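Here is a friendly walk through one model, with a few stops along the way. Have your viewer ready and follow along.

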Amino acid sequence: MKCNGCAAVMPFMEDTPQGFGCVFCEGKQFPDAVDILTEPSLGFVNETRLGQITMADEINTSIESTTPTLFEAGTGVGKSFAYLLPAILSGKRTVVSTAKITLQQQLVDKDLPRIQTYLEQIGHPRATFSFAPAYGKNKYACYAECERIKAGEKDWAKYLRFFKDSEYGLWEDADKLHLRLDNNLNANDCIGPDCRHYKTCGYIKSRKTMLAADIVVTNNWLLGFHYKLRRTMPHFHLLGEFAHVIVDEAHKVEDGIRTAFTNETSLNALDKIQYRFDRLLDVADEQFELPELATLDPLWKAGFAALNRLNQAKSNIIDTNTAAVIQDLIKGLDDITNRLLDKTTLDTMFEQMSTFTHTELIRRWITKTPSPAPIANSPLTAPIVSAPVGMPPRQGFPTISDDQCVFVSLEKILELVDDSRETFSNILKAQPNRTWMIEQRLFNGKTNLVLKDMPVNIGGYMPDKSVTYVSATLALDDNFDVFADRVGLRGKNYKSDIFPSPFNIRKQAYLYIPPIKDVPEPQTMGPNVTAYREAIASQIYELLLACEGDTFVLFTSNAEQDYVKNYLISRGYPHPIIDKATYPTDALARYRATPKATLLGSKSFWEGVDVAGNKLFMVIITKLPFPQQSDPIIKARHAIFKGDNAWPFIDLPEMLFDLRQGAGRLIRTQKDRGMLVVLDTRLRTKYYRARAIKALGLTPVDNLAMVCKGLRDRNG
Ligand code: SF4
């Protein structure tokens, strides 16, 4: 039966003076999300925003009907309340996922408490709703690991103070307490109930709170990992079971979900396996050899060299010779797995170690962990599963930490082997929606080659029901096809809507694109590069002088950013210049705190950065942010595209989405005024000019002198 008042579904209802209702609200009518957002007299909003109300109403319907929804909500719509209120009042457990931790924290620290306080004030029965963040394990300190490494050291007292003052052992609390601690000692290798600190552990407490919460606020990577684990363990719910998921900052959802579903191995992986194996042997009385590692080593190097050559030649097609090497690598990895899971080997190893619970731990790992599936299904595991429970405790191993070390080491070795095996197998299979790449990473001063096998689109990895995607940039030309395609909803039944910004953007900001005589089209190589860079640097210098700072200059290339910075310095630009090279951790905070500052920034400043008011009066975009042709996802999309010219359907939409994000930094409130400058003169000459200007939604002005006068006028 459904309550007339709060809409809760309960087995018993009462006939009350207010109507037919449940024991909590007695049938009293309470405002729903739309009422709360429509009526300022109800005390939650100061003004009525049509977009916010409509969005809340449509999310309500979506939660009830499970129909997936895609919403573009412009700046100022108030999207977080438009989705949080219906989710809370629905009484259904909901996960909200974001791309950036700043939004995650805003929802948990500000928006959700504000709703809760309001619902308490009006006596709403849903005021008792609970909420919690879900972070990755690396955000938490592991007491057992800290104790193992730090107990007895001179800074151990600092760790004890941290664990006393931090409820959940979150490393960010150490910053708040001004304690410098080693945040590598995190909960990544948590062994769960086997740990003797399990009952008091902050990380475990945080997980329990999250699993009991009605609203969980997480990030896209963890959400992706939740879905990934569900594939191999259908009954395991990393984030608990939930009825609906709302993905905010949805234009970034692909990155997080793709990362969760990416398999990787590296040139260093064999060293890591060796390291883990050596660690395993630290507690053994005698040496135990794993000769398969040495046999695999030259093959491994040859395989990575071949794959790297292919990658550098911009090819993803595995030739016959490389395929043969990879097959040998897979066989070598199978040999290691078989040896590590061989009963005689394990018995010898554990006998040498003479500790008490290893056989049991291994048995538990094999029986409880479906991944890696080939190992779990291997007939080799049977003897271990049926082996008698381990031997009595050995004197001299009083703490469980040593056991943890052994167990985790063996588990990690098998995980590393299995990850590598899966990565190599997948790239051999050449699956239609997956691609691979080699990434070069610096490790201990040496270049490590990392092989990644990853999904192209995330459709098939995300649900196609009970999901809402929200972002300020999700549609192009009022159409959601591109995004729907990427999340696997194209051609399926979904609902979409656009809620434009309530601001009068056309009157609040103008767009200036210099004429081609002043700035040539972008050059990245050849004899004209310097002339091109000088032209954009000179324009930036003029504009900054006129505006006297309060500007973001957004680049697509570090080399151009460095050039412009040096140019401004060499010409004696008089106001402060801030960038990540000078302020690696707090460039944005410095910018906010410094009068007349200019921030020079690349990728990380194009989105998710919010500077309201006169402090950000001008945004200069130096070059249209077309995707790199070397990007494996772009290459794979081109390969998948059926047709001659994929560029207008792949690269152009990608650029328009990113351009809108960059431009979106400018106007954050109704009172903001400003100037967007795009120094890329392809916006004057190319056929997509009109489309880009429409996407930006600003009025173009054509005269630099006029622009500079306008900028000077604002300074009085
Ligand atoms: S329960 Fe896990 S995270 Fe907590 S102290 Fe033990 S091993 Fe570390």
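## Around the ligand

This is a predicted model, and a good place to begin is the ligand. The ligand is surrounded by 13 residues, and the closest are Cys-142, Ala-187, Cys-190, Cys-195 and Cys-201. Sorted by class, the shell around the ligand holds 11 nonpolar, 1 polar and 1 charged residues. If you are tallying classes yourself, keep in mind that Cys counts as nonpolar here.

Which helices each supply at least two residues of this shell? They are helix H5 (143–150) and helix H8 (202–212). The largest share, 3 residues, comes from H5.

## Helix H9 and its cover

Next, take a look at helix H9, which covers residues 220–232. Helix H9 has 13 residues and reaches 19 Å from its first C-alpha to its last, close to the 18 Å expected at 1.5 Å a residue.

The buried residues of H9 are Asn-220, Leu-222, Leu-223, Gly-224, Phe-225 and His-226. What covers them? The cover includes strand S4 (94–98), strand S6 (215–219), strand S7 (244–247) and helix H10 (253–260).

## A parallel sheet of seven strands

Further along the chain there is an open sheet of 7 strands, paired in parallel, with the order S15-S16-S14-S17-S18-S13-S19. At the edges stand strand S15 (577–579) and strand S19 (699–701); each has a single partner strand, so one side of each is left without a neighbour in the sheet. Ignoring direction, neighbouring strands of this sheet are turned by 25° against each other on average.

Starting from the S15 edge, S15 pairs with strand S16 (residues 598–601) in the parallel sense over 3 bridges, and Ile-577 stands opposite Thr-598 in S16. Helix H22 (residues 558–570) packs on the sheet, where H22 touches strand S14 (551–554), S15 and S16. The direction of H22 makes about 160° with that of S15.

## Strand S14 and its two partners

How many bridges join S14 to S16? There are 4, in the parallel sense, and the bridge partner of Phe-552 in S16 is Leu-599. S14 also runs parallel to strand S17 (residues 618–621), with 4 bridges joining the two. In that pairing, Thr-551 stands opposite Met-618 in S17.

Are the side chains of S14 buried or exposed? Thr-551 and Val-553 point one way from the strand, Phe-552 and Leu-554 point the other way, and all are buried.

## Two residues with positive phi

Two loop residues are worth a stop if you check backbone angles. Most residues other than glycine have a negative phi. Ser-466, however, has a positive phi near 50°. Ser-466 is found in the loop between strand S10 (446–455) and strand S11 (467–471). With 19 other C-beta atoms within 10 Å, Ser-466 is partly exposed; a residue would need 20 or more to be buried.

Lys-596 is not a glycine either, and its phi is positive at about 60°. Where does Lys-596 lie? Lys-596 is in the loop between helix H23 (587–593) and S16, which brings us back to the sheet. Lys-596 has 14 other C-beta atoms within 10 Å, so it is partly exposed.

Methods: Residues are numbered from 1 along each chain as its sequence is written. This is a predicted model: local features need pLDDT of at least 70, side-chain atom pairs count only at pLDDT 80 or more; totals for chains, interfaces and linings use all residues. Two strands pair if DSSP finds at least two bridges between them. Axes are lines fitted to C-alpha atoms, for helices over the stretch in contact, and angles run from 0 to 180 degrees between N-to-C directions. Two residues are in contact if their C-beta atoms, placed from the backbone, lie within 7 Å. A residue is near a molecule or strand if its C-beta atom, placed from the backbone, lies within 6 Å of it. A residue is buried if 20 or more other C-beta atoms lie within 10 Å of its own, exposed if 12 or fewer, and partly exposed in between; C-beta atoms are placed from the backbone. The expected span of a helix is 1.5 Å times one less than its number of residues.
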